[in-house]
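Biologist: I would like to go through this model and ask what stands behind each label. Please set the value against the cut-off each time.

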Amino acid sequence: MEGTFRILYVEDDPVARLLVQRVLTAVGYRVLEAEDGLSGIEIARLQHPDLILMDLNIPNMDGYAVTTRLKSLPETRDIPIIALTANVMQGDRQRALAAGCDGYLPKPVDIDLLPDQVAAFLKGKREQVEGAEKVELLQEHTRRLVSSLEETITELRDANDRLRRMEKVKTDFIVLSGHELRTPLTLIYGYSRLLLSPQLQEHVSPEAKGMLEKVSNAAERLSSVLEDIVNVALIDADQLDLTFDAVDLGTLALSIIEQFRPASQERGQRLETSNLEDLVHIQGDQNYLRRALANVISNAIKFTPDGGLIQVWCEEQSDVLDLVVRDTGIGIDRDEQEHIFDKFYVLENTELHTTSTTNYKGGGMGLGLSVVRGIIEAHGGRVFVESKGHDEETLPGSTFHLILPINYTRPKLKKK
Ligand code: ADP
């Protein structure tokens with residue numbers, strides 16, 4: 001009979017837990033353990049034990065509060081709760097009963113008596129406080145609950161303030177290091193391009209030219225990675241500083257496509273455009289929108305094998321523009337379609353990464369699409385992908401939609 005009873009012991013002291021566990025298991029009970037109040041509530045709700053032994057002096061949410069909560073939940077309110085606590089304060093027993101406990105056992109437990117005491121409560125024994133004393137104790141219990149709630153809220157508010165300050169320090173650090181690193185990079189890029197210019201051609205040997213190409217490509221790539229890192233930090237902190245103006249999305253898309261055309265031609269891909277001329281202008285930040293579009297188009301090139309087709313077009317629908325980038329590439333599993341917009345989310349094996357933005361399946365840091373989403377959402381728009389799934393043989397392709405409202409007024413930036 002006893003073997004069928006399950007006793008939940010809520011106690012933060014592992015030694016006390018072990019002792020009670022041994023004693024009760026020896027007489028055939030099954031003992032469940034919780035080391036704090038919250039997990040006690042969770043286990044009680046999920047496992048519905050036959051009786052709960054509740055240490056009152058547990059940290060954070062104390063045993064009185066846990067008892068009140070358990071007695072307020074329909075699925076646990078009928079489980080008898082026996083308070084266990086070091087009998088230091090006069091009135092502990094009454095307080096525990098007023099809080100909703102059905103009995104009280106002083107600690108340390110008397111291991112010879114414990115099995116019988118538990119059996120008595122399982123058979124229906126209940127202790128109670130009565131009359132005026134009960135009302136007074138209940139009032140005191142309520143006051144304690146409210147004051148502990150106030151303490152918790154104050155602690156949470158302080159912790160939240162600390163987190164905000166740390167977050168701001170982190171964003172400032174990333175943005176500042178980004179700027180610091182970008183300055184020398186711009187110099188490296190600028191001078192290597194200058195040395196490659198036709199005017200200086202006769203001063204640069206063909207070998208040096210090859211090396212300079214590599215230096216300038218590396219500098220360009222590095223500066224693009226830096227830009228994504230800084231943008232992600234700014235997006236996280238809701239501090240993207242956009243300058244809104246009238247933007248011709250079609251012309252912008254066409255200029256980005258021209259920028260990528262040589263790389264896609266090298267891969268034998270076709271880049272087709274339609275309906276990008278004479279579009280209604282939208283309100284937005286040209287530079288950030290360029291960044292967002294470039295990330296989506298470079299992904300389309302990256303994740304489409306040589307010889308594939310990439311199409312870019314735009315549809316005007318009532319008050320939004322839907323800019324569409326469709327590829328005939330490897331596609332994206334339906335389960336992954338939401339996650340690819342999360343930062344640092346990369347589906348490919350990172351060991352196979354190359355640093356190119358256009359090589360087949362060339363990897364990145366998984367920041368590109370989270371930047372895209374941040375930028376598009378900061379324009380009051382949304383971005384999503386459609387794909388039948390991922391298959392490197394049948395190439396189902398992916399279609400990205402960048403939906404942008406035509407007349408969007410950006411709310412003022414939050415104070416830093
Ligand atoms: P990264 O900057 O590393 O390219 P992104 O955030 O741009 O990261 O993309 C995240 C992941 O989404 C990529 O690693 C890739 O697996 C998948 N992905 C993005 N665009 C495409 C696409 N056009 N076709 C297939 N998979 C894609």
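Biologist: Which residues is Asn-275 in contact with, leaving aside its neighbours within four places in sequence?

Modeller: In this predicted model, those partners are Cys-314 and Glu-315. A contact here requires heavy atoms within 4.5 Å. Asn-275 itself sits in the loop that runs between strand 7 (270–274) and strand 8 (282–284).

Biologist: Why is Asn-275 called partly exposed?

Modeller: Its relative accessibility is 47%. Buried means under 20% and exposed means over 50%, with partly exposed in between. The value of 47% falls between those limits, so Asn-275 counts as partly exposed.

Biologist: And its partner Cys-314: buried or exposed?

Modeller: Cys-314 has 1% relative accessibility, so it counts as buried. Cys-101 is buried as well, at 4%. Both values are under the 20% limit, so the label follows for each cysteine.

Biologist: How many disulfides does the structure hold?

Modeller: Zero. A disulfide is a covalent bond between the sulfur atoms of two cysteines. To be counted, a pair of cysteine sulfur atoms has to lie within 2.5 Å, and the structure holds no such pair.

Biologist: What makes the phi of Asn-275 worth a remark?

Modeller: Asn-275 has a positive phi, about 50 degrees, and it is not a glycine. Most residues other than glycine have a negative phi. Leu-395 also has a positive phi of about 50 degrees without being a glycine. Leu-395 lies in the loop between strand 11 (382–386) and strand 12 (398–405). At 28% relative accessibility it is partly exposed, because that value is neither under 20% nor over 50%.

Biologist: Which peptide bond is cis, and what is its omega?

Modeller: The bond joining Lys-107 and Pro-108 is cis, with omega at about 0 degrees. Most peptide bonds are trans. Pro-108 belongs to the loop between strand 5 (103–107) and helix 5 (114–122).

Biologist: Why is Leu-56 called buried?

Modeller: Its relative accessible area is 1%, which is under 20%, so Leu-56 is buried. Leu-56 is in the loop between strand 3 (51–55) and helix 3 (63–72). Not counting residues up to four places away in sequence, Leu-56 touches Asp-62, Gly-63, Tyr-64, Ala-83, Leu-84, Thr-85 and Ala-96.

Biologist: What about Leu-145, buried or partly exposed?

Modeller: Partly exposed: its relative accessibility is 28%, between the two limits, so the label applies. Leu-145 is found in helix 6. Beyond its neighbours within four places in sequence, Leu-145 is in contact with Ala-65 and Thr-68. Its C-alpha lies 8.5 Å from that of Tyr-64, although the two are 81 residues apart in sequence.

Biologist: How do you know that helix 7 has close to its expected length?

Modeller: Helix 7 (residues 206–236) has 31 residues and reaches 45 Å from its first C-alpha to its last. At 1.5 Å a residue, 45 Å is expected, so the span agrees with the rule of 1.5 Å times one less than the number of residues. Asp-238 follows helix 7 and has a positive phi, near 50 degrees.

Biologist: What do the buried residues of helix 7 pack against?

Modeller: They pack against helix 6 (131–195), helix 9 (286–302) and helix 10 (368–378). Among these buried residues are Leu-212, Ser-216, Ala-219, Val-225 and Leu-234.

Biologist: How does the radius of gyration of the protein compare with that of a compact globule?

Modeller: A compact globule of 416 residues would have a radius near 22 Å, but the protein has 33 Å. The C-alpha atoms fill a box of roughly 100 × 50 × 50 Å, taken along the principal axes.

Biologist: Which domains are assigned, and what distance separates the centres of domain 1 and domain 3?

Modeller: The domain assignment gives domain 1 (6–129), domain 2 (164–236) and domain 3 (245–405). Taken over C-alpha atoms, the centres of domain 1 and domain 3 are 59 Å apart. Leu-56 and Gln-286 are 61 Å apart, C-alpha to C-alpha.

Key
Residues numbered from 1 in each chain as written. Predicted model: local features only at pLDDT ≥ 70, side-chain atom pairs only at ≥ 80, totals over all residues. Heavy atoms only, no water. Domains from an automatic or database assignment. Buried < 20%, exposed > 50% of the residue type's maximum accessible area, 1.4 Å probe, protein only. Helix = DSSP H or I, 4+ residues; strand = E, 2+ residues; numbered from the N terminus. Rg over C-alpha atoms; globule rule 2.2 N^0.38 Å.
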